[in-house]
Amino acid sequence: MTQTKTVLITGASSGIGEATARKLAADGHQVFLGARRTDRLQRLVEEISTSGGQAAFHSVDVTDLENVRAFVTTAHQRFGRIDVMINNAGVMPLSPLHALKIDEWNRMLDVNVRGVLHGIAAALPIMRTQGSGHFVNIASVGAYEVVPTAAVYCATKFAVRAISEGLRQESAGDVRVTTVSPGVTESELAETISDRTAREAMKSYRSVAIPAAAIADAIAFAIGQPAEVDVNEIVVRPAASAQ
């Protein structure tokens with residue numbers, strides 16, 4: 001029988017976050033969903049509730065620490081504990097470095113790196129007080145390799161891996177940590193690419209993609225392990241992809 005957990009998910013309005021919310025709610029967990037697009041969150045919560053699941057939502061901008069703290073605090077007040085924090089929110093506006101899209105570089109750093117740190121800062125004290133908890137940080141195959149136009153994006157995902165490994169080492173026996181690194185997955189990420197060359201290249205790169213539900217299944221596997229088992233890294237790629 002599945003142990004019911006309270007699971008917080010950032011970036012839950014689409015893609016991997018949405019698929020994970022549906023999967024975990026169907027598995028019997030209480031899901032608390034965060035994103036900026038609250039209209040989408042409301043529809044998702046209504047659909048999950050209609051299907052018999054337990055879900056609620058709260059607006060969150062992961063680039064704002066106090067905003068993330070409010071998101072986590074609201075969930076804690078509602079459910080009484082925080083079992084899993086899934087730091088999923090991310091952006092991917094790829095471009096060659098010589099294009100000097102500095103605002104986009106900063107946006108990736110703010111969302112992909114600071115967003116994860118803010119999630120940790122908000123939830124870790126609660127988990128330590130509880131004596132248990134689980135962070136699931138969404139990285140990418142870009143955390144293992146660098147390709148043209150993706151230097152900054154890959155740097156942010158290398159950072160997610162490093163932060164996750166540091167947190168794991170510091171929290172051994174208390175808080176579990178899992179890094180999930182998706183390969184090409186159906187999502188809205190590519191829609192944030194403003195550079196024409198990178199956008200065209202990505203159309204070919206993303207021609208073979210796995211559904212977001214495949215990543216949701218990997219997350220469900222990690223959080224479903226007994227307390228003495230810590231699944232640290234999962235890489236999920238399309239079977240037909242060599243990358």
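Select β6 (175–182). This strand is mostly covered: 8 of its 8 residues are buried. Buried means under 20% relative accessible area, exposed over 50%, and partly exposed in between, with a 1.4 Å probe and protein chains only. Strands here are DSSP runs of E, at least two residues long, and helices are runs of H or I, at least four long; both are numbered from the N terminus.

This is a predicted model: local features need pLDDT of at least 70, side-chain atom pairs count only at pLDDT 80 or more, and totals for chains, interfaces and linings use all residues. Residues are numbered from 1 along each chain as its sequence is written, and side-chain values use heavy atoms, with hydrogens and water left out.

**Stay on β6**

Show the side chains. V175, V177, T179 and S181 lie on one side, R176, T178, V180 and P182 on the other, and all are buried. Both faces of β6 are therefore covered.

Now add β5 (133–138). β5 and β6 run parallel, joined by 6 bridges. Pick V136: its bridge partner in β6 is T178. Two strands count as paired if DSSP finds at least two bridges between them.

**Step out to β7**

Select β7 (233–236). β6 pairs with β7 in the parallel sense over 4 bridges. V180 stands opposite I234 in β7. Which β7 side chains are buried, and which are not? I234 and V236 point to one face and are buried, while E233 and V235 point to the other and are not.

**See the whole sheet**

Colour the strands. 7 of them form an open sheet, in the order β3-β2-β1-β4-β5-β6-β7, with parallel pairing. β3 (54–59) and β7 stand at the edges with a single partner strand each, so one side of each has no neighbour in the sheet. On average, neighbouring strands are turned by 15° against each other, direction ignored.

Go to the β3 edge. β2 (residues 30–35) pairs with β3 in the parallel sense over 6 bridges. Find V31 there; A55 in β3 stands opposite.

**Add the helices**

Select α7 (residues 212–223). This helix lies across β1, β4, β5, β6 and β7, and runs at about 160° to β6. Angles run from 0 to 180 degrees between N-to-C directions; axes are lines fitted to C-alpha atoms, for helices over the stretch in contact. Contact means heavy atoms within 4.5 Å.

Next, take α2 (residues 38–50), which lies across β2 and β3 and runs at about 170° to β3. Bring in α1 (residues 15–26): the axes of α1 and α2 come within 10 Å and cross at roughly 20°. That makes α1 roughly parallel to α2, a label for angles under 35 degrees. At their meeting point, E18, A21, R22 and A25 in α1 meet L44, E47 and I48 in α2.

**Finish around α5**

Zoom to T156 in helix α5 (residues 151–171). Is T156 buried or exposed? At 1% relative accessibility, T156 counts as buried. A polar atom of the T156 side chain lies 2.6 Å from the backbone oxygen of Y153. Leaving aside neighbours within four places in sequence, T156 is in contact with M108, L109, N112 and V113.

Last stop: A150, in the loop between β5 and α5. A150 is buried, with a relative accessible area of 3%. Select L94 as well. A150 and L94 are 56 residues apart in sequence and 5.4 Å apart in space, C-alpha to C-alpha.

Terms used
A polar contact is a pair of N or O atoms within 3.5 Å; within protein, one must be able to donate a hydrogen and the other to accept it, and residues adjacent in sequence count only if both atoms are side-chain atoms. Angles under 35 degrees count as roughly parallel, over 145 as roughly antiparallel, 65 to 115 as roughly perpendicular and the rest as oblique.
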